[in-house]
Amino acid sequence: MTSAPLLIELRTEELPPKSLLKLSTSFAQSVHQGLVAQHLAPAQAAVQIFATPRRLAMLIEDVAGVQPERLVERKGPSRKAGQAADGTATPALQGFARSCGVTVDALELRKDDKGLEYYVHHSLHRGIPLGEVLPALLDQALRQLPVAKVMRWGSGDSEFVRPVHGLMVLHGDQLISLNLFGLSSTRQTLGHRFLGAGLLTLDHAASYATLLEREGKVIASFAERRQRIQQALNALALPHHVLAGPELLDEVTALVEWPTVLEGRFDPAFLEIPQECLILSMQQHQKYFPLGNTQNQLQPRFLLVSNLETATPEDIIQGNERVLRARLADARFFYQQDRKTPLSERRAHLDQVVYHQRLGSLGARVERLSQLAERMASALHLSSTQARRAAQLLKADLSTDMVGEFPELQGFMGRDYARHDQETEEVALAIEAHYRPRFAGDDLPTTPLGTVMALADKLETLVGIYGIGQIPTGDRDPYGLRRATLGILRLLMDKAPALELPALLAWTEATFPQGVLDSTALNSLPTFIQDRLRGLLRDQGFDQALVEAVVSPLPARLDRLPAHLQALASFRTCPEAIGLSAAHKRIRNLLKKSGSTQSVPPAPLREPAELDLQEKLQALQPRMDTFLRQADFSSALSALAELHAPVDRFFTDLMVMCEDPGLRAARLALLQDLESLMNQVGDLSCLSS
């Protein structure tokens, strides 16, 4: 059989829409990789992925009907291990020959690249037909699918994410007979549930997508279906634009087979409700696409994607408008009821809500946030009164009906209700901002008070949950501590509050009752933060050497980290950088080898090289202190470059680990001072790696 496209289709009941694209991609990639491993398809073969609500399918080009015959070489024992002193075959060689099904005489001797002789056996493996390879290959691919929970159906033992009702496997125009999920493969498939022409019979694998679209009213390609929906949405939205993100488009694409985009409207009176509520209601419950103007203000129009094409779409539109009207009426009722109770009165409700069994109630958490926020605000010369007021109200909207219905609105509703309660604008903005960044790439708070609230919220979560031993492991992070840590790092680096990380961790720990947190667990927290910082900086494009230079040890002032990186990147191009970096590494090794304490009193230095280095070091220290106070790290590194010649001379002329204990102690003390100075901007020893 010659090469031809291979079509595989599983026809199922409605698949989970949020998992459809991931399932189809994984299925196609696994099958393709299996065919490549079995020498039935080239690695560069084109793979078309098809995915609709009721099918997973693929079309792989250039699949051979039979594996090519292959000459397989099997390596056996070396000549020394296979041949006894009298020239007879050893048991090891005899066993190898038996395992190959031949006599010892049929084996060959071959030399490897090092000249070592070893026995080999060559055998010609016949090609196995595609139909014989596919059952095991498909079984393995299906087992590898990212399925969280499987289903069983009927009286059989088959398991899959949804019941399977049809199987089609075509190689070119040939039907490949195999059984899967208790089903035999056929040439038939089904199109759209209502618009399709019933059972469709496929003559050739390559005509699958065309036949489904023409006769079955199904656009089989997920990517093509998504593109058509996107184009129709953009065209119908004019003069406005769609406010929804790509996640909704992906989900809707997974819900329809023959998409038709329609426009609906709602009463403009509903716009009195905060637009975040309206948008979330439209997207989450109804899968509608809200529209906004050039200022991203919500308009009383929405778009919906129907799975039906009809000459009278008015019925579909009116039905969806009725459903949305009821949803928005509920939202307006919740909104109006919530505003009758000020946030300040809702604060007491949090004392009845358990935050964590070992950390107390939400009310207790709010008190910790208040203490921490006040302390940070004072350190930053912000209003401690405003900080405490914002912290007291941060979580109050969790008791509202609106947030109970739409948890994603926490913070947004707090901001709106705070404005209604005539709280200051700084407090209202801080309530919403304290959740930021909510996800990777999210915007940061825009006000200093918002930054303080966001830091307090994430620090309390990190120190509290980590401190009771709930440390993330592998891919398990139920409390989002990695996300909280990345948020803290971004806030400290990008918003540049003049706060030191060790102090923040200590202040946060002090807000918890004595004995609640485990000091052993907290001792490893800086390393956890350090690892997240490494990843964050690498993701921002900094190379490994620069990252290690500023991360190890963990810096106290993260707001200065970008300046450290920039200065080190520039310094690395200087001629003195390589020498100083190598010297720093040598100094560190010597100090580590000598031990951290010296019991022998140091003797006076007397050699010209060491006296010169000591003089240069003492003269440089005040200048370095000035540069560091001014955060002028480039000048600090340039000043360090002046030490290159005296350091080089020191190591050329002298032996640090000399026999005289007092002199050795003095030289090590000098190197200790030197290393401390060289670590001020970054670990220079990392630059030589």
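**Backbone oddities, sheets and side-chain pairs**

F181 sits in the loop that runs between β11 (179–180) and β12 (183–184). The model is a predicted one, and in it F181 shows a positive phi of about 55° even though it is not a glycine. That stands out because most residues other than glycine have a negative phi, and most peptide bonds are trans. With a relative accessibility of 16%, F181 counts as buried. The ring of F181 also has company, forming one aromatic cluster with W153 and F160.

N296 is another non-glycine residue with a positive phi, here near 60°. Its place is the loop between β17 (289–292) and β18 (298–306). N296 is partly exposed, at a relative accessible area of 42%, whereas F181 is buried.

The peptide bonds have their own exceptions. L238 and P239 are joined by a cis peptide bond, with omega about 10°, and P239 belongs to the loop between α6 and β15 (241–242). The bond from R436 to P437 is cis as well, with omega near -10°. P437 is part of the loop that links α15 (425–433) and α16 (448–467).

Turning to the strands, five of them make up an open sheet in the order β2-β3-β1-β9-β10, and the pairing is antiparallel. The edges are taken by β2 (47–52) and β10 (174–175); each has a single partner strand, so one side of each is left without a neighbour in the sheet. Helix α1 (residues 20–37) packs on this sheet and touches β1, β2 and β3 (55–63). The direction of α1 makes about 30° with that of β3. Within the sheet, β1 (residues 4–12) and β9 (residues 164–171) run antiparallel and are joined by 7 bridges. One facing pair here is L7 and, in β9, L170. As a general matter, strands of a sheet pair through backbone hydrogen bonds, either parallel or antiparallel.

Another antiparallel pair is β5 (residues 108–111) with β6 (residues 117–125), held over 4 bridges. R110 stands opposite Y118 of β6. The two strands, β5 and β6, form a hairpin with 5 residues between them. In the turn of that hairpin, G115 has a positive phi of about 85°.

How many salt bridges does the whole structure hold? A search turns up 42 salt bridges. Side chains of opposite charge can pair when their charged atoms come close. In helix α6 (residues 222–237), E224 and R228 are 4 residues apart, which means about one helical turn separates them. Their side chains meet in a salt bridge at 2.5 Å, N to O. Both ends are partly accessible: E224 is partly exposed at 32%, and R228 is partly exposed at 31%.

Helix α26 (residues 644–653) offers a similar arrangement, with D653 and R649 being 4 residues apart and so separated by about one helical turn. The closest N and O atoms of this salt bridge are 3.5 Å apart. D653 counts as partly exposed at 48% relative accessibility, and R649 does too at 37%. Sequence neighbours can pair as well: E215 and R214 meet in a salt bridge of 3.2 Å, N to O, and E215 is partly exposed at 32%. Elsewhere, a network of salt bridges links R347, D351, E367, E374 and R388.

Aromatic rings add 8 pairs. In one of them, the rings of Y335 and Y417 have centres 5.9 Å apart and planes at 25°, so the pair is stacked. Y335 lies in helix α9 (residues 314–338) and Y417 in helix α14 (residues 412–420), so this pair ties together parts that are 82 residues apart in sequence. Y335 and Y417 are both buried. The rings of F650 and F651, by contrast, have centres 5.4 Å apart and planes at 80°, so that pair is edge-to-face. F650 and F651 are also buried.

Finally, what about the cysteines? The search of the whole structure finds 0 disulfides. A disulfide is a covalent bond between the sulfur atoms of two cysteines. For C686, the closest cysteine sulfur is that of C574, at 18 Å, which is too far for a bond. C686 is buried, with a relative accessible area of 15%. C100 is buried too, with a relative accessible area of 15%.

Note on methods: Residues are numbered from 1 along each chain as its sequence is written. This is a predicted model: local features need pLDDT of at least 70, side-chain atom pairs count only at pLDDT 80 or more; totals for chains, interfaces and linings use all residues. Side-chain values use heavy atoms; hydrogens and water are left out. Two strands pair if DSSP finds at least two bridges between them. Contact means heavy atoms within 4.5 Å. Axes are lines fitted to C-alpha atoms, for helices over the stretch in contact, and angles run from 0 to 180 degrees between N-to-C directions. A disulfide is a pair of cysteine sulfur atoms within 2.5 Å. Buried means under 20% relative accessible area, exposed over 50%, partly exposed in between (1.4 Å probe, protein chains only). A salt bridge is a side-chain nitrogen of Lys or Arg within 4 Å of a carboxyl oxygen of Asp or Glu. Rings of Phe, Tyr and Trp (its six-membered ring) pair if their centres lie within 6.5 Å; planes under 30 degrees apart count as stacked, over 60 as edge-to-face and the rest as tilted.
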